[in-house]
Amino acid sequence: MSRPKVAPRVYLAGPEVFLPEAREIGARKVAMCTAAGLTGLFPLDQELDVSGLEKVQQSRAIALANENLMRSADALIANLTPFRGVAADTGTSYE
């Protein structure tokens with residue numbers, strides 16, 4: 001008996017998370033992954049409540065959640081287009 005095929009999981013990194021329409025952009029990227037037989041993982045799809053935390057704690061909670069999501073992925077696709085200047089987003093570069 002063969003096991004059901006599981007779609008590879010792909011973490012979708014990029015500065016789009018900072019744009020006003022970030023969730024819509026993420027949904028389109030996830031849909032493209034689905035059409036290609038992949039499971040897209042967009043950082044903002046996680047349920048993460050950082051309200052009530054100080055900025056440093058918020059940043060750390062977001063970083064840990066994203067790192068865990070990346071570790072659960074089989075691959076990562078990163079948008080390294082220059083953002084807010086002449087270089088790629090530093091958070092995306094870290095990812």
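1. A word on residue classes before we start: Ala, Val, Leu, Ile, Met, Phe, Trp, Tyr, Cys and Pro count as nonpolar, Asp, Glu, Lys and Arg as charged, and the others, Gly among them, as polar. Sorted that way, the lining of the largest pocket comes out as 10 nonpolar, six polar and four charged residues. Keep in mind that you're looking at a predicted model.

2. Let's stay with that pocket. Its volume is about 560 Å³. There are 20 lining residues, and Val17, Phe18, Ile62, Asn66 and Glu95 sit closest to the centre. Two elements, helix 2 and helix 3 (90-94), each give two or more residues to the lining. Which helix gives the most? That's helix 2, with six residues. If you wonder how such spaces are found, rolling a probe the size of a water molecule over the atoms shows where empty space is left.

3. Now pick out Asn66, one of the residues closest to the pocket centre. You'll find Asn66 in helix 2. Is Asn66 buried or exposed? Its relative accessibility is 12%, and buried means under 20%, so Asn66 counts as buried. Skipping neighbours within four places in sequence, Asn66 is in contact with Tyr11, Pro43, Gln46 and Glu95. Glu95, by the way, is also on the list of residues closest to the pocket centre.

4. Next, the core. Six residues make up the largest nonpolar core: Tyr11, Ala13, Leu41, Leu69, Met70 and Ala73. Strand 1 (9-13) and helix 2 (55-71) each supply at least two of these core residues. Have a look at Tyr11 in particular. Not counting residues up to four places away in sequence, Tyr11 touches Leu41, Leu69, Met70 and Ala73, among others. The list of Tyr11 contacts also includes Pro43, Asn66 and Glu95, and Asn66 in turn touches Pro43 and Glu95.

5. Last, the aromatic rings. How many aromatic pairs does the structure hold? Just one. Phe18 and Phe83 form this pair, which is stacked, at 6.1 Å centre to centre and with 25° between the planes. Phe18 lies in the loop between strand 1 and helix 1 (22-35), while Phe83 lies in the loop between strand 3 (75-78) and helix 3, so the pair ties together parts that are 65 residues apart in sequence. The two partners don't fall in one accessibility class: Phe18, at 45% relative accessibility, counts as partly exposed, whereas Phe83, at 17%, counts as buried.

Terms used
Residues numbered from 1 in each chain as written. Predicted model: local features only at pLDDT ≥ 70, side-chain atom pairs only at ≥ 80, totals over all residues. Heavy atoms only, no water. Core = buried A, V, L, I, M, F, W, Y, C linked by side-chain atoms within 4.5 Å. Buried < 20%, exposed > 50% of the residue type's maximum accessible area, 1.4 Å probe, protein only. Helix = DSSP H or I, 4+ residues; strand = E, 2+ residues; numbered from the N terminus. Contact = heavy atoms within 4.5 Å. 1 Å grid on protein atoms, 1.4 Å probe; cavity = no way out; pocket = protein on both sides within 12 Å on 5 of 7 lines; lining within 4 Å. Points joined across faces, edges and corners; volume = space filled by probe spheres on them. Phe/Tyr/Trp six-rings, centres within 6.5 Å; stacked < 30°, edge-to-face > 60°.
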